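Hi everyone, thanks for coming. I'd like to walk you through one chain today, so have a look at the picture before I start talking.

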Amino acid sequence: IVVVFDSIASTPVLAETEGDFSDDTMAAAARFLSKAMRKFGRLVAREKVVLVFMNQLKATLDIYSGEKFVSYGGKAIKFRASIRLWVKTRKSDLEYEGKDPIGTWVQVQNIKNKVALPFKVGRFFLKFKSGLDQYRDCWEFGIAIKKFKDVGKGRIHYKGQTVTRKKFKKFVKKYWGGPGA
């Protein structure tokens, strides 16, 4: 079972929703999450549930602490997590078809990992309408490991054949049966 909790930052606590605007609710979400994480720990392990929390980072105003970013909801999730991933995109990584953006390059950095090697970085292309582009990843990976020779202008050489990006999907299906086959 996988449970995804999207956007900790936009989740109000009861004190905020039922209280008055003048009430002080400073760090109420952090206190709530700290208590919740202690309760969830044993339950999640016993029931073999994968619990995914998504959170945003904000730039800190405290320039003396050393941390450039602070997450909403305090540090409870940071300490309890088995795996923490930092997903980054930049506006400069957007790709366009004409004037319309079709996708972006995403970089995922493994910040903490208790079950495998930490501090690994991955980069992949994410299409806005269809998700991960496996053929594009196959293209990029083939060039990176020197299986394909990049000849520029969206073309590669493979065993004496020149293949364009548009015909690459048919090419991969013909020779290997597609990604993941």
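Let's begin with a question: in which sense do strand β10 and β11 pair, and over how many bridges? They're antiparallel, and three bridges join them. I should say right away that this is a predicted model, so keep that in mind throughout.

Okay, back to those strands. β10 covers residues 149-152, and its lysine 149 has histidine 157 in β11 as bridge partner. The two strands make a hairpin, with two residues between them. Look at lysine 153 in that turn: its phi is positive, about 55°.

Now zoom out a bit. In total you'll find five helices and 12 strands in the chain. For 181 residues, a compact globule would have a radius of gyration near 16 Å, but here we get 22 Å. If you draw a box around the C-alpha atoms along the principal axes, you get roughly 70 × 40 × 30 Å. And just 19% of the 181 residues count as buried.

So where do buried nonpolar residues gather? The largest nonpolar core has nine residues, including Tyr135, Ile156, Val163 and Val172. Three elements each give two or more residues to this core: α4 (134-144), β11 (155-158) and α5 (168-176). The largest share, three residues, is from α5. There's another core, apart from that one, with five residues, among them Ile8, Leu33, Met37 and Ile77.

Next, the aromatic rings. A ring pair is described by two things, the distance of the centres and the angle of the planes. The chain has seven aromatic pairs, and I'll show you two.

One is phenylalanine 5 with phenylalanine 53, a tilted pair at 5.4 Å centre to centre and 55° between the planes. Phenylalanine 5 sits in strand β1 and phenylalanine 53 in strand β2, 48 residues apart, so this pair links distant parts of the chain. Is phenylalanine 5 buried or exposed? Neither, really: it counts as partly exposed, because its relative accessibility is 31%, and buried would mean under 20%.

The other is phenylalanine 148 with phenylalanine 168, edge-to-face, with 5.8 Å between centres and 85° between planes. Phenylalanine 148 is in the loop between α4 and β10, while phenylalanine 168 is in helix α5, 20 residues away. Both of these are buried. They also belong to one aromatic cluster along with Trp139, Tyr158 and Phe171, and those five residues appear in the largest nonpolar core too.

That's my tour, thanks for listening!

Note on methods. Residues are numbered from 1 along each chain as its sequence is written. This is a predicted model: local features need pLDDT of at least 70, side-chain atom pairs count only at pLDDT 80 or more; totals for chains, interfaces and linings use all residues. Side-chain values use heavy atoms; hydrogens and water are left out. A nonpolar core is a set of buried Ala, Val, Leu, Ile, Met, Phe, Trp, Tyr and Cys residues joined through side-chain atoms within 4.5 Å. Buried means under 20% relative accessible area, exposed over 50%, partly exposed in between (1.4 Å probe, protein chains only). Helices (H or I, at least four residues) and strands (E, at least two) are DSSP runs, numbered from the N terminus. Two strands pair if DSSP finds at least two bridges between them. The radius of gyration is taken over C-alpha atoms; the globule rule is 2.2 Å times the number of residues to the power 0.38. Rings of Phe, Tyr and Trp (its six-membered ring) pair if their centres lie within 6.5 Å; planes under 30 degrees apart count as stacked, over 60 as edge-to-face and the rest as tilted.
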